[in-house]
Amino acid sequence: MSKDDPRAVPETETPNGTVHGVSSHDVRRAGLHDSLQLHHLQLLFDTFSQQLSITGHSQRRVGARNTGHPADTLSLEQFRSALTTAMGEESWSGKMEELFRELESSCDGRVGREMLCDCVLQQLKQSEDTSEAELIGVSLEPVIRRCMRYKQYPVIRIVEVSQPPPLRYITISERGTLTIWNSQLHVIESLELCENTGQKGSSSRQLRTWMTDAVYMPNVHKIAVASMSRNIHLVDVSTSTCFETFHLSGLRHIATALCYWYNVEAPGEKCALMWGDEKGAVNLLWFLQPHKGLFETPFSKQSGPQQVFLSDICAQTSLIAYQQSPKVHSEPINRIRYNPRTDLIATSSESSGSSVVIMDVDQRSDGYVWKIEKGVRCFDISWSLSLLVTAGPDPDLRMWDRYVTSRPVAVLRGHRATVVDVAIHQDLGKIFSYSKDAVLKIWDISSERCVKTIPLRFPNVQTGRILGQGNFSLLLSLARAPALLLSCREYLALLRLQNGASNGGSAAFSCTPYRTHLRQVAVPAEASLGQTVESQGCPAELSDGQRLLLECVRASTQPRYTLRHTQTS
């Protein structure tokens with residue numbers, strides 16, 4: 001590739017420093033801005049008013065003519081005097097003149113107080129964003145790489161492989177190229193996935209096809225990749241060289257979203273590969289004895305992956321159990337999550353009549369159904385916080401109580417383009433959202449506000465142009481080296497995170513949703529995550545400006561919770 005190609009990214013990519021937004025000129029005048037704080041603004045307004053009053057009185061006393069200058073502007077001397085009075089120092093004299101010349105946009109030797117205050121507020125906002133980002137442990141310098149073999153086909157999924165060590169990331173392209181990266185985002189190897197076009201018992205040929213989703217299966221060290229050909233590829237990643245082992249064919253419909261669960265404490269016990277399909281059905285494939293093998297397959301001298309058909313393996317009752325819940329949604333399912341504690345499955349689609357559904361695996365009871373205009377394109381759920389976050393075709397995020405389907409708890413506005421993926425970091429109390437214009441936003445759950453916006457400077461991003469993104473463009477990796485990985489078409493970015501818990505202990509409990517209609521709060525406790533405690537003596541609703549506080553006092557081994565509400569400042 002030519003060195004003049006704007007899309008070219010060298011293998012020894014340096015971190016993208018443009019996110020800081022700090023130029024060399026900002027560094028030269030950083031001292032003065034660091035000294036200007038919010039309490040100086042009122043002093044500046046008062047000083048400006050006094051200077052203007054004195055100036056106007058002097059002009060009227062001597063009968064001076066109207067100079068034509070706006071009433072709320074000052075000359076350099078008046079500007080220097082106002083700042084000196086507010087800050088109490090004259091050591092910034094040279095910096096004051098430099099700042100004056102910068103703010104003097106009209107070149108008439110005058111500066112308005114509104115211009116100065118806007119400048120101070122902008123600098124304070126930048127400092128606040130930087131300190132907030134440091135507080136929540138987000139690196140502001142992403143490492144960006146280009147997936148050279150993807151040929152501008154988007155990354156559809158990013159997965160992490162932490163076992164066996166070392167930590168690796170794997171990306172899957174829309175055309176079936178699987179690439180393994182090390183923890184520093186250097187390519188280890190790639191594998192091309194092909195489809196077997198032959199029917200059962202006939203000769204076949206290999207063709208490339210389109211992929212829809214992928215998921216990691218940690219206890220068996222495999223990655224499942226779904227395709228538009230109604231197949232699922234199983235790729236072994238237990239060694240440094242990955243290879244395809246099984247080719248599960250004959251699915252009833254195209255798998256559009258994948259999910260996997262296994263018992264971390266007993267990895268040899270039953271586990272499940274789940275998928276939602278294009279017809280809105282939920283499918284569960286239980287592997288009953290994964291330590292003995294996933295499928296019963298006859299010995300074959302043929303090299304390459306073994307092809308197995310869903311209709312055949314369903315008869316292998318000692319190893320496999322298959323169940324399907326049809327017509328859960330009227331549109332293709334685009335996300336699926338599973339909660340093993342309560343045996344619940346959460347799915348979403350772009351259907352207005354069944355945007356999000358939370359149901360029992362065996363459908364023994366009625367589920368919860370969210371009906372959201374224009375449907376949902378992505379969601380994430382924290383079962384212990386009872387928090388659901390959804391995003392649709394519009395740029396807004398919506399926070400829901402997982403038991404209340406009628407209206408959202410809050411609407412988070414700030415994105416300018418459609419949100420393509422969202423993730424909840426429970427330990428940090430944050431929500432990460434990523435939009436089509438390659439902008440990452442970090443939201444605080446308790447305050448329901450955006451605390452950081454990071455525009456990722458991918459080489460293929462152009463102003464006013466929205467690129468095609470994969471459906472699963474964000475990975476919140478909580479392995480030994482916590483990180484955020486984001487894709488933009490064929491590019492990949494890595495942002496380092498700090499661990500949510502300090503000193504190796506459990507994360508501090510900082511906030512919890514309060515359900516006014518139930519007069520209850522959901523309390524994450526060591527013995528039982530999501531334990532519900534009745535809020536004795538609390539009002540049914542809190543007025544504006546009031547906050548519900550939860551105090552935890554440990555008496556011997558049992559926690560006791562005291563609820564109270566206070567007026568916030």
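In the predicted model, Cys378 stands opposite Ala391 of strand E24. This pairing belongs to the contact between strand E23 (residues 378–382) and E24, which run antiparallel and are joined by 5 bridges. The hairpin of E23 and E24 has 4 residues between the strands, and within this hairpin Ser386 takes a positive phi near 55 degrees. E24 also pairs with strand E25 (residues 397–401), again in the antiparallel sense and over 5 bridges. Leu388 has Trp400 as its bridge partner in E25. The link from E24 to E25 is a hairpin of 5 residues.

Strand E24 (residues 387–391) is largely enclosed by the rest of the structure, because 5 of its 5 residues are buried. In a regular strand, side chains alternate between the two faces of the sheet. In E24, Leu387, Val389 and Ala391 point one way, while Leu388 and Thr390 point the other way, and all are buried. At the start of the partner strand E23, the ring of Phe379 carries a charge over its face: the charged end of Arg337 sits 5.6 Å from the ring centre.

The protein chain as a whole contains 7 helices and 38 strands. Of its 569 residues, 47% are buried. Among contacts in the chain with a separation of 6 or more, 52% are between residues 24 or more positions apart.

A further group of strands forms an open sheet of 4 strands, in the order E14-E15-E16-E18 and with antiparallel pairing. Strand E14 (255–261) and strand E18 (320–325) stand at the edges; each has a single partner strand, so one side of each is left without a neighbour in the sheet. From one strand to the next, the twist averages 15 degrees. Strand E15 (residues 271–277) and strand E16 (residues 282–287) run antiparallel and are joined by 6 bridges. Ala272 is paired in E16 with Trp286. The face of Trp286 is also covered by a charged side chain, since Lys270 lies over it at 4.5 Å from the ring centre.

Aromatic contacts were searched for across the whole structure, and 10 aromatic pairs were found. One of them is the edge-to-face pair of Trp261 and Tyr338, with 5.8 Å from centre to centre and 70 degrees between the planes. This pair links distant parts of the chain, as Trp261 lies in strand E14 and Tyr338 in strand E19 (residues 333–339), 77 residues apart. Trp261 and Tyr338 are both buried. Ring pairs also link Phe246, Phe287 and Phe295 into a cluster.

Asp236 is located in strand E12 (residues 232–236). Its relative accessibility is 9%, so Asp236 counts as buried, the limit being under 20%. The side chain of Asp236 makes a polar contact of 2.6 Å with the side chain of Ser238. Beyond its neighbours within four places in sequence, Asp236 is in contact with His221 and Lys222, and with Thr241, Cys242, Phe243 and Thr245.

Two further buried positions lie later in the chain. Ser487 is placed in strand E32 (residues 483–488) and is buried, with a relative accessible area of 0%. Apart from neighbours within four places in sequence, its contacts are Val155, Ile158, Tyr434, Phe458, Gln469, Ser473 and Leu492. Leu495 is found in strand E33 (residues 491–496). With 0% relative accessibility, Leu495 also counts as buried. When residues up to four places away in sequence are not counted, Leu495 touches Ser139, Pro142, Leu440, Leu456, Ala483, Leu484 and Leu486. Leu495 and Glu141 are 354 residues apart in sequence, yet their C-alpha atoms are 6.9 Å apart in space.

Note on methods. Residues are numbered from 1 along each chain as its sequence is written. This is a predicted model: local features need pLDDT of at least 70, side-chain atom pairs count only at pLDDT 80 or more; totals for chains, interfaces and linings use all residues. Side-chain values use heavy atoms; hydrogens and water are left out. Two strands pair if DSSP finds at least two bridges between them. Helices (H or I, at least four residues) and strands (E, at least two) are DSSP runs, numbered from the N terminus. Axes are lines fitted to C-alpha atoms, for helices over the stretch in contact, and angles run from 0 to 180 degrees between N-to-C directions. Rings of Phe, Tyr and Trp (its six-membered ring) pair if their centres lie within 6.5 Å; planes under 30 degrees apart count as stacked, over 60 as edge-to-face and the rest as tilted. Buried means under 20% relative accessible area, exposed over 50%, partly exposed in between (1.4 Å probe, protein chains only). A charge sits over a ring if NZ of Lys or CZ of Arg is within 6 Å of the ring centre and within 35 degrees of the ring normal. A polar contact is a pair of N or O atoms within 3.5 Å; within protein, one must be able to donate a hydrogen and the other to accept it, and residues adjacent in sequence count only if both atoms are side-chain atoms. Contact means heavy atoms within 4.5 Å.
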